[in-house]
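Got the viewer open? Let's take a short walk through the empty spaces and see what fills them.

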Amino acid sequence: MPANLTPEYKAAEAAFRQARDPKERLECLREMLRTMPKHKGTDHLQADIKSRIKQLTEELAGPKKGGARGGPATMIRPEGAAQIALIGPPNTGKSSLHARLTGSNALASAWPFTTQFPQAGMLPYQDIHFQLIDLPPVSPEHPIAWLANALQPADACLLVVDLGQPDCLDQVMAVLQLLAEKQVTLTDRWGTKAPAATAEELEDPFAIRLPTLLLANKADQIPHLDDELQVFRELTGLTYPAIAVSIVTGEGLDRLGPWLFRHLGIARVYTKIPGKPPDRERPFTVRHGQTVYDVALLVHRDIAQALKYARLWNAQFNGQQVGRDYAVADGDILELHT
Ligand SMILES: Nc1nc2c(ncn2[C@@H]2O[C@H](COP(=O)(O)OP(=O)(O)O)[C@@H](O)[C@H]2O)c(=O)[nH]1
Ligand SMILES: [Mg+2]
């Protein structure tokens, strides 16, 4: 990381790291470029930012008529409580899981490389949804130029493996290697915000860290799955939490929603208008540690700007006033006052 970066640049970079929306990210990138001191030491970073601006601009413009970049979008705007990417070697059942969990028509087949583009779908859990993104396989035979771009908005990853495939280990290590080349790290650390592990990651604005859950799929075909998983862990040194699943027997599938809810630290907040009952239909979702102000931002930017205080209802509170920095909890009912 070049020295002499200005506070303005650092602020823009911090905003970029926080932003999930592609449009917002593009604005941040432009601001990073604008505020970057232009000298030899920043050449690389400047070039990197410019190419990302170009990629994202094209992405947001959609397919060009008669242009080279046709086809469906490669970056999917986040919706629901969190965006979760399905990643893994070919033929492990990513698309089958996607179709089963979200009701999507994701195309599954016995042939590898059936999936060509990201596909979104919603996994329902109680009164919220997680957005699952099916992706093409990650493998050396099939490089995907836009993969890092597609993973930008993701909050977490489901690493789908088939422990019954003889070369499963090598394939998974190849997946991690290919991701590393794109500055994407899959981590076993779940939580509100996984901190960067190394100084390089801290300094690289484009490094992506995704908390990862291993899905050992096709459990119906693997007689001693627990032992296989143990061996896999010992040989790879990988320590991701794991769930055994099967789309044939349905094993493990209903554990996914609750697991994600708990480990992502999702809090559902219901809003109400003074004198009216709360809107129980559609909670706003934030992560543990987020505040009344963060909820207000989800309602409307103007409301967040003008927010004075909120009134809170839950097991302990009965309409008492709380400040904008008050950390909300799952099930809170809020009345926002401007
Ligand atoms: N026995 C069994 N087969 C599965 C399971 N999940 C997927 N498959 C099969 O595995 C093959 C590859 O599935 P697909 O979803 O296309 O894999 P992808 O390449 O990872 O998206 C297909 O023939 C599926 O029917 C499972 O849980 N059990
Ligand atoms: Mg597929």
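What is the volume of the second largest pocket? About 310 Å³. Keep in mind as you click around that this is a predicted model.

**Stop 1: the pocket.** Select Asn91, Thr92, Gly93, Ser96 and Ser109. Of the 25 residues that line the second largest pocket, these five lie nearest its centre. Colour the whole lining by class and you'll get 11 nonpolar, 11 polar and three charged residues.

**Stop 2: the ligand.** Now show ligand 1, which sits in this second largest pocket. Its shell is made up of 16 residues, and the closest are Lys94, Ser96, Ser109, Asp220 and Ile247. Switch the class colours to this shell: four residues are nonpolar, nine are polar and three are charged.

**Stop 3: the polar contacts.** Zoom in on the ligand and turn on distances. Start with Asp220: one of its polar side-chain atoms is 2.7 Å from a nitrogen atom of ligand 1. Then go to the backbone. At Asn91, a polar backbone atom lies 3.0 Å from an oxygen atom of the ligand. At Thr92, a backbone N or O atom is 3.1 Å from an oxygen atom of ligand 1. Before you leave, switch on a surface: on its own, ligand 1 has 580 Å² of accessible area, and the protein covers 85% of that.

**Stop 4: the cavity.** Time to leave the ligand and look for enclosed space. How many cavities of 30 Å³ or more does the structure hold? Just one. The volume of this largest cavity is about 50 Å³.

To find it, select Phe16, Arg25, Leu29, Arg52, Gln55, Leu56, Met75, Asn149 and Gln152, the residues that line the largest cavity. Next, show the helices α2 (22-35) and α3 (43-61), the elements that each give two or more residues to that lining. Which of the elements provides the largest share? That's α3, with three residues. By class, the cavity lining splits into four nonpolar, three polar and two charged residues.

**Last view.** Put both spaces on screen together: the second largest pocket with ligand 1 sitting in it, and the largest cavity with its lining from Phe16 to Gln152.

Key. Residues numbered from 1 in each chain as written. Chains lettered and ligands numbered in written order. Predicted model: local features only at pLDDT ≥ 70, side-chain atom pairs only at ≥ 80, totals over all residues. Heavy atoms only, no water. Near = heavy atom within 4 Å. Polar contact = N/O pair within 3.5 Å; in protein donor to acceptor, adjacent residues only side chain to side chain. Areas by Shrake-Rupley, 256 points an atom, 1.4 Å probe, with all protein chains shown as cover. 1 Å grid on protein atoms, 1.4 Å probe; cavity = no way out; pocket = protein on both sides within 12 Å on 5 of 7 lines; lining within 4 Å. Sits in = over half its atoms within 2 Å of the grid points. Nonpolar A, V, L, I, M, F, W, Y, C, P; charged D, E, K, R; others polar. Points joined across faces, edges and corners; volume = space filled by probe spheres on them. Helix = DSSP H or I, 4+ residues; strand = E, 2+ residues; numbered from the N terminus.
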